[in-house]
Structures are given as C-alpha cells and as structure tokens.
Amino acid sequence: MHEYSIVQALFERVAAEARTRRATAVHRLSIRIGELSGVEPDLLTTAYETFRTETICAGAALDLRVVPARWTCPGCGRGFDRGDVLRCAACGVPARLAGGDEIMLDRIEMEVP
Amino acid sequence: MCDTCGCGDPKVVPVDVHERILAGNDRAAAHNRVHFREHGVVAVNLMGSPGAGKTAVLETTARRLAGRERLGALAGDLATDRDAERLRAAGITAASITTGSACHLDADMVHCGLHELPWRDLDYLFIENVGNLVCPAIYDLGQEANVVVLSVTEGEDKPLKYPVMFRKADLVLITKIDLLPHLAGVRLEAIVDALARVMPEPEFIPLSVVTGEGVERWLAWLERLERFGPARLSRTAGSLRL
C-alpha cells in the first residue's frame, strides 16, 4: 500500500508551496493519476481522507482525475486497444505510451493574506 | 486580501504546480544515479514476486562472475536479514535494508543503505527490491536498469495482471524453466505473448539456476549493460524469438 507514501509526498509538497506563499489555508488540490501509474485512485483517496487531519490539507478537497492509458504508434499514429500486442502491425515499430502514467499535482487553491 | 470589495477576507488563489508528486524521490534517485555513474557502478533494480528467484539468480550470478567482477547487493527485506546472508555466503558484498511494513524501496532508503556498503569499489550493485509486483515499480532508485524476475510457477498471466511492473522492465528473467514439464497449463510461449501485450519492446531470457540454461545470456546482457548503458540494450539484446 504505497498510496500512503504518495499522500505523504503530496502533503509535503503542498506544505512547501503554502510556506513559500505564506498561505493560511488550502482549499482544493487537483491531481492526475494515470491508469498505468501503479497508483490506485480509490486507495489514494482513502489514504488522503485518513491522513490529512492535522496537515495543511485538513480542509482541502481532493480533485482527482484518472487518465486512461493511451498507446499509439509513433509511425502512423494509430491507437492500440487494451490487450493488443504493443507493436504496430503496419509499421513494425514498438508502441509508445502517449498518456496514462501520470502521478501529477497540477494545482493548489490556497488562501493567501 | 480581497481587493474586490475591500471586505478584508483572505483571497483564494489557484497555484499551478504541474509537478510529479514523487518529484522528491525523483531528485534523490537522480542523485544516486550521478554517484553510481561517477564511480562506474552499474546499478540494477531487481524486482519480482516473493519467491520468484531473485536471490537465487544473484547467487548463481555471483558464482559465475567470481574473481572477474566485484558484485554488491542491497537487499530490501520486510523483517529479516536472510537474503543478505545468502548473498554474502555466495560471495556478494551485501547489506540489508529492513523496510518494516513498507512494501517497496525508495531512493532515500537506497541512499542510506549505501552507507553500509563499500559501493564505490563495485562493478555491479544489485538492489534486490521487496518481493512485490506492484509498489516497487513506482519508485525510481537511481538504477541503470530494471530487471523483473518472473518464475514460470507464477502462471502465464502475471504480465497482464501487473502491467505497470512489466512496462518498467528493461529485461524480464523467466526463471525456474526446468519446472515447465511439471506444470500443466503453463507454456513459455504464452508468457512471452503476455509480455508483448504490456511491453512495447519485450526483452526476456528464460533461465534456470538448476540446469544453468539461460545463465550465459543473462551474464552477456549484464556485460552489455555495463558497456553500452540501457539506451543501447534494445538493439543489442535478444529479440522476441524464444
């Protein structure tokens, strides 16, 4: 259950940003989690809800967006379906992951004096 | 301060960050990587299920490279020093990273573990991760390459069930192939097919530490990693053919 260490890293990052801007409270976090990131959104949300008390994020809503995995051919641009062999039958080149491995903090809404 | 109406309420501002949540770990890993490269140490992150044969592969590797290459290992272990003991018995300079309840190693744990080893004198440093096909895949440790050990006894479908781990693999060692005749319903071809559906450039070596099959290919792969680095591996290692 590495989701706990992910939320710890998230709290530390938000706290650092809040200190820099002398924020008094954090209202909302926007994060993106890719389908192939290895992070389970439900577990992450549970870890966030469980551990945010007594952190800077105690009153902050978590806005989590799940990004589907998207494999494409770098030659012809065609997409791959789930379970496909990850090599383009037409071009013979390996597929490339165009999105879906994100573990990103996009935005923090904070209250500043 | 709210400057719209002059009410004196604090102002809520959006701050765009667009940074990986694990950026702190990424920085620590980059730091480790610089150290390894400066001292010519090839670091390999060895991952796989509990019991897949990670330690056995390292024992065989040590015996075959004894006197030729200096091997070291950091063994991530939840509660014991057993793996490090086995590795030391095989001639590897080894230390344990006891993780307690943590299911993976991160770059800081590796950095601390290095203090227990004369790592600068090594040719290869194997980081034997905690036995787990999920969590270790997420953390960069500063390694030169990721090697995933998958035993045939785990069944044909593990790559499809754990795509994140296998996507991160530079090489998959398919171990215990001497047991294949005893495993009804497990075919090497099916494991390879599953790998091709989660890895765009699947590199794998079927291997048995009992018969020695595949061990030469594994040692040759390590030597190529040392000479060329990971960028050249896909062009120098074996192809999808069995």
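The side chains of B:Asp157 and B:Lys158 meet in a salt bridge, with N and O 3.5 Å apart. The model is a predicted one, and this pair is a convenient entry into it. B:Asp157 is partly exposed, at a relative accessible area of 31%. B:Lys158, at 17% relative accessibility, counts as buried, because the limit for that class is under 20%.

Next to this pair in sequence is B:Glu156, whose side chain meets that of B:Arg187 in a salt bridge of 3.7 Å, N to O. B:Glu156 lies in the loop between strand 6 (145-151) and helix 5 (158-161) of chain B, and B:Arg187 lies in the loop between strand 7 (171-175) and helix 7 (188-196) of chain B, so the salt bridge ties together parts that are 31 residues apart in sequence. Both ends are partly exposed: B:Glu156 has a relative accessible area of 22%, and B:Arg187 has 49%.

A further salt bridge in chain B joins the side chains of B:Arg20 and B:Asp26, at 2.6 Å from N to O. B:Arg20 is partly exposed, with a relative accessible area of 30%. B:Asp26 also counts as partly exposed, at 22% relative accessibility. Over all chains, a search of the whole structure finds 19 salt bridges.

Some of these pairs cross from one chain to the other. Between chain B and chain A the count is 3 salt bridges. In one of them, A:Arg13 pairs with B:Glu19, and the closest N and O atoms are 2.5 Å apart. These two residues belong to a network of salt bridges that links A:Arg13, A:Glu17, A:Arg21 and B:Glu19. Polar contacts between chain B and chain A come to 14 residue pairs, with both residues at pLDDT 80 or more.

On the side of chain B that touches chain A, strand 1 (11-20) and helix 6 (163-167) of chain B each supply at least two residues. Strand 1 of chain B gives the most to that side, with 10 residues. By class, the side of chain B that touches chain A has 20 nonpolar, 2 polar and 7 charged residues.

The extent of the interface can be stated in two ways. As a residue count, the contact takes 29 residues from chain B and 37 residues from chain A. The size of an interface is often given as the accessible area lost when the parts come together. For chain B and chain A the buried area is about 3000 Å², and carbon and sulfur atoms give 62% of that area. B:Val15, B:Ile21 and B:Arg167 supply 23% of the area that chain B buries against chain A, more than any other three residues.

Strand pairing also runs across the interface. Strand 5 (residues 103-112) of chain A and strand 1 of chain B are antiparallel and are joined by 8 bridges. Within this pairing, A:Glu109 has B:Pro14, in strand 1 of chain B, as its bridge partner.

From strand 5 of chain A one can step to A:Ser30, which is in strand 1 (residues 25-34) of chain A. Beyond its neighbours within four places in sequence, A:Ser30 is in contact with A:Asp63, A:Met104, A:Leu105, A:Asp106 and A:Arg107. A:Ser30 has a relative accessible area of 15% and is therefore buried.

Notes:
Residues are numbered from 1 along each chain as its sequence is written. Chains are lettered from A and ligands numbered from 1 in the order in which they are written. This is a predicted model: local features need pLDDT of at least 70, side-chain atom pairs count only at pLDDT 80 or more; totals for chains, interfaces and linings use all residues. Side-chain values use heavy atoms; hydrogens and water are left out. Contact means heavy atoms within 4.5 Å. Buried area is the accessible area (1.4 Å probe) that two parts lose on being put together, summed over both. A salt bridge is a side-chain nitrogen of Lys or Arg within 4 Å of a carboxyl oxygen of Asp or Glu. A polar contact is a pair of N or O atoms within 3.5 Å; within protein, one must be able to donate a hydrogen and the other to accept it, and residues adjacent in sequence count only if both atoms are side-chain atoms. Helices (H or I, at least four residues) and strands (E, at least two) are DSSP runs, numbered from the N terminus. Ala, Val, Leu, Ile, Met, Phe, Trp, Tyr, Cys and Pro count as nonpolar, Asp, Glu, Lys and Arg as charged, and the others, Gly among them, as polar. Two strands pair if DSSP finds at least two bridges between them. Buried means under 20% relative accessible area, exposed over 50%, partly exposed in between (1.4 Å probe, protein chains only).
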